[in-house]
Protein chains: 4
Amino acid sequence: MIRLSPAHATFTLTLSCPNRPGIVAGIGMKLYELGANITEAQQFDYAEEQRFFMRIVFDIPLSDAIEQTLSDAIAILSDEFAMEWTLTDMARPHKVLLMVSKFDHCLVDLLYRWRIGELAIEPVGIISNHPQDTYADIEFYGIPFHHLPITKDTKAEQEGRIWDIFQSSGAELMVLARYMQILSNEFSRKLAGRCINIHHSFLPGFKGARPYHQAFARGVKLIGATAHYVTSDLDEGPIIEQDVERISHADTPEDLIRKGRDIERRVLARAVRYHIERRALLNGNKTIVFSD
Amino acid sequence: MIRLSPAHATFTLTLSCPNRPGIVAGIGMKLYELGANITEAQQFDYAEEQRFFMRIVFDIPLSDAIEQTLSDAIAILSDEFAMEWTLTDMARPHKVLLMVSKFDHCLVDLLYRWRIGELAIEPVGIISNHPQDTYADIEFYGIPFHHLPITKDTKAEQEGRIWDIFQSSGAELMVLARYMQILSNEFSRKLAGRCINIHHSFLPGFKGARPYHQAFARGVKLIGATAHYVTSDLDEGPIIEQDVERISHADTPEDLIRKGRDIERRVLARAVRYHIERRALLNGNKTIVFSD
Amino acid sequence: MIRLSPAHATFTLTLSCPNRPGIVAGIGMKLYELGANITEAQQFDYAEEQRFFMRIVFDIPLSDAIEQTLSDAIAILSDEFAMEWTLTDMARPHKVLLMVSKFDHCLVDLLYRWRIGELAIEPVGIISNHPQDTYADIEFYGIPFHHLPITKDTKAEQEGRIWDIFQSSGAELMVLARYMQILSNEFSRKLAGRCINIHHSFLPGFKGARPYHQAFARGVKLIGATAHYVTSDLDEGPIIEQDVERISHADTPEDLIRKGRDIERRVLARAVRYHIERRALLNGNKTIVFSD
Amino acid sequence: MIRLSPAHATFTLTLSCPNRPGIVAGIGMKLYELGANITEAQQFDYAEEQRFFMRIVFDIPLSDAIEQTLSDAIAILSDEFAMEWTLTDMARPHKVLLMVSKFDHCLVDLLYRWRIGELAIEPVGIISNHPQDTYADIEFYGIPFHHLPITKDTKAEQEGRIWDIFQSSGAELMVLARYMQILSNEFSRKLAGRCINIHHSFLPGFKGARPYHQAFARGVKLIGATAHYVTSDLDEGPIIEQDVERISHADTPEDLIRKGRDIERRVLARAVRYHIERRALLNGNKTIVFSD
């Protein structure tokens, strides 16, 4: 637990509910009564659906049962406004299960950001469909490694194992850091809202396999990468973050792959940060990202 | 007056005050009591100065003295929290005085955005130190044009005339759309927070004259433009918006000027929009921009 | 005719041919013998197809039949290397036929760049499917305007008229500056390589109608625009230029349309410049762009 | 030595010389006579100084003394055109000496790009003013590490040691990968054109110490990083590459440092690649970068 001050805790509350007057006032009063000091607040009124979304970060004096006290208070508000909500203690790193295949640039990048304290995650496991010696050059710092090769016949079984690891490790988020196996529909549904994939194209362009070769063949002038929540609809999940870089006619598919690595790793790292800082909220097949 | 609904008004409230618990709750409750529905709210807690900034957009049922009613209510809050605040009726276009010299790309661009209804401004005058026939190709739509040439000797006198026009036209904002005369310290102070300049470099690089030639000589790989509030300290005013574009060794100073025009006009247009939508708030020598 | 020097002409030679040793040497020697001084040269070896592309800009002493002399000399090289080539006198503005529908931002922008001398074009006509009074606010500087409304039944006939205007005006390039009618396959083929369209999405994402609404529905985090040569395959023509801008969950479709206008106009202007400066070369369904 | 084909070598020739007709033809003919096939050629005519720059990549049949044969042939051309030139066998990795202080993100990034074969470098040493256990988490793969702490009094002596290591290791390039010691004028001159530094600001803004804090204080809306050749004039050396990222008023100096790391590492990696692929040529206090 990392507390900036021994006497205070920092929590992030996210919520969504049908829009109506009084929500902000109600929440503001409640937090004020509880002694909280709001340090960040962002809201979004999704007019099309008359739905209201909010993210609030606040400091509050530490006490024994503070999280419970807060939860109880929010639960009452929640009934009043028909809220969906999450409350997150920001001193607790987010438990993350990392999935990888042959290309390790996203994995290495996430581990680096974790090691230097940039990303408040706690890697609780690394799963690959390739054996551990594929990653002989990478320091895993004792994070449990699981080699779970997948064939068409063993997919269901192996996904069962992944799910067991996810649950037993206490993982809160699964990150597909260039994991090149497609999750089954059933497994995707189980992980809804807590599994982030990095796709190596600027979606919705170039879904599916070998997107850089598709981009080369089409002759686009910019390539990109897309981090999204995994759903059962391949490469159609809610987009969290995208970015692009300029390319030219002189770039071969191999050049695109090289340039793409830089885009992929920064897009995935941003998406993970948005998720763990509760900046990314699901809104149907889209996301709200209260970016900083 | 442009009202989205005949029965409702939309207002934007901006405020800043010393930070302390209860501000959000207090404002939220007050607006709720007044029957307002908050559609946008953004806040910023400037930790270094313990100062709190907020921007709130809300709808409220139209009534005869609604603006007065709101002002009275906010004034009470204002006393409680030691607020500086503005209240803006979003149905009323912002009165803008446009200043220009020889290069007209920013002027033409702003007029275009106004004509198609993109920018909610009302140009109340165009002032140039060049005669009107310089702009023979531009449709001014009847906006009053003032030719006020400036020499060292006439500067004080001419600034007096500009000030008269500013006041008599009811202008709320002066935009230096590539106006190449330096305002005197005294005049800058009079216009504090309501005069936006576009400087054709990525500040703080290349202050002063001929910034594209400076950029060429230095061999930078990106050029930029900066929109800022005018202060008596040349090119040092609070920055509202900046943007850049990539250049190469093959670009001549003339190429930089050409590429720069595109950056200048979009940066200035964004800055004007941020100002009139009350997204840009002064914070000492910096700005807070609650961008969309 | 705009000559930088009364004694010299500037030409641009573009060529493509099967790759083999000796091409650069052969062309270099030939231009040297003719007294030319090469000021820019760019080449691209498309390994996949063993095809070589080149763009050369050179100065040469003016003489009565200089263009003919050059053409004759290049024709001999052309036989040797099986070249396709173009030779362009850079002092001669490119004759352009502008096509527009209701939204005029790209048209206005191109006319502005022409007026200030940024784009070396000569607009020889403006064609719209809307009547001229749609553009009452735009100064056309005497450029002939043609109102050619199109219905399903009159399409073939009207395209015939457009073709007549294209030919009789001496147009070398047709620019679809947000012209919202789809050209027939036959007409597209006639204009192959000399008709540029701006599509208001980052292709290949969001082809077809209402791309900003599609982008909004999909929840992408960047929007873009694409300038491409028109082919009979809708929105699939060779891409000349693309660009993007960041958006957020808070942007409505109307915000995307507004932000998109800025992208569209700069992408189209760049594409037109690449074309008239002979920087854009067709390479099957892709382009080579020797950008500056 | 990495040869794409056992029968062919790939060389890169760069040159600069006073501009005059016949250079391209002369070089093209010479390489043709030698049996070379040009695969890339880029040139730049620096009009201000009447100086011509060129980069040519070519394949040539392997033979025992091919490099000597080429050098002899180019030397003859060189006399004719008063050329400065370099000839580089692209199969030979560039020997690089890496310098680092406390922050290791650029070092880790360069080592990663080397390990996966993205950057054709051969790290011949790592020098730090901090002890090796500072980097306990980094795999150095047996690259010699040298701890050379520097005080005001020992600077000259320690620079002598660095120079010895540079020479004895056969290093061709020194990379200051966030090395926070300022090289002396004398040492900078020795390393002219073969020492690249990454400065953590968008130069010429925010030279000197703590640039992110300077950027925060000034309130810029984008931050950047700059890779440049080191000269005796601090932060004034020829710029090779720059890039930027958008920030907001809500970003603390710590946020800028975090966002900056991503910019720094990609800007430095690009600059190193431009240098070793002979894309970056010195042109007085500027560079020509024949980017891909």
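Hi everyone, this is a short talk on chain A and on the contact between chain C and chain D. Please keep in mind that we are looking at a predicted model.

Let me start with chain A. Its secondary structure comes to 7 helices and 13 strands. Lay chain A along its principal axes, and the C-alpha atoms fill a box of roughly 60 × 45 × 35 Å. How does the radius of gyration of chain A fit with a compact globule? For 292 residues, such a globule would come out near 19 Å, and chain A has 21 Å, so the two agree. On the inside, 59% of the 292 residues of chain A are buried. And if you take the contacts in chain A with a separation of 6 or more, 66% of them join residues 24 or more positions apart.

Now over to chain C and chain D. Each chain brings 17 residues to the contact. Together they bury about 1400 Å², with 61% of that on carbon and sulfur atoms. What about salt bridges between chain C and chain D? The count is 0. Polar contacts across this interface also come to 0 residue pairs, counting pairs with both residues at pLDDT 80 or more.

So which elements of chain C touch chain D? Both α1 (23–33) and β2 (37–46) of chain C supply at least two residues each. The most comes from β2(C), which gives 7 residues to that side. Sorted by class, the side of chain C that touches chain D holds 8 nonpolar, 6 polar and 3 charged residues.

That's my part, thanks for listening!

Key. Residues numbered from 1 in each chain as written. Chains lettered and ligands numbered in written order. Predicted model: local features only at pLDDT ≥ 70, side-chain atom pairs only at ≥ 80, totals over all residues. Heavy atoms only, no water. Contact = heavy atoms within 4.5 Å. Buried area = accessible area lost by both parts, 1.4 Å probe. Salt bridge = Lys/Arg side-chain N within 4 Å of Asp/Glu carboxyl O. Polar contact = N/O pair within 3.5 Å; in protein donor to acceptor, adjacent residues only side chain to side chain. Helix = DSSP H or I, 4+ residues; strand = E, 2+ residues; numbered from the N terminus. Nonpolar A, V, L, I, M, F, W, Y, C, P; charged D, E, K, R; others polar. Rg over C-alpha atoms; globule rule 2.2 N^0.38 Å. Buried < 20%, exposed > 50% of the residue type's maximum accessible area, 1.4 Å probe, protein only.
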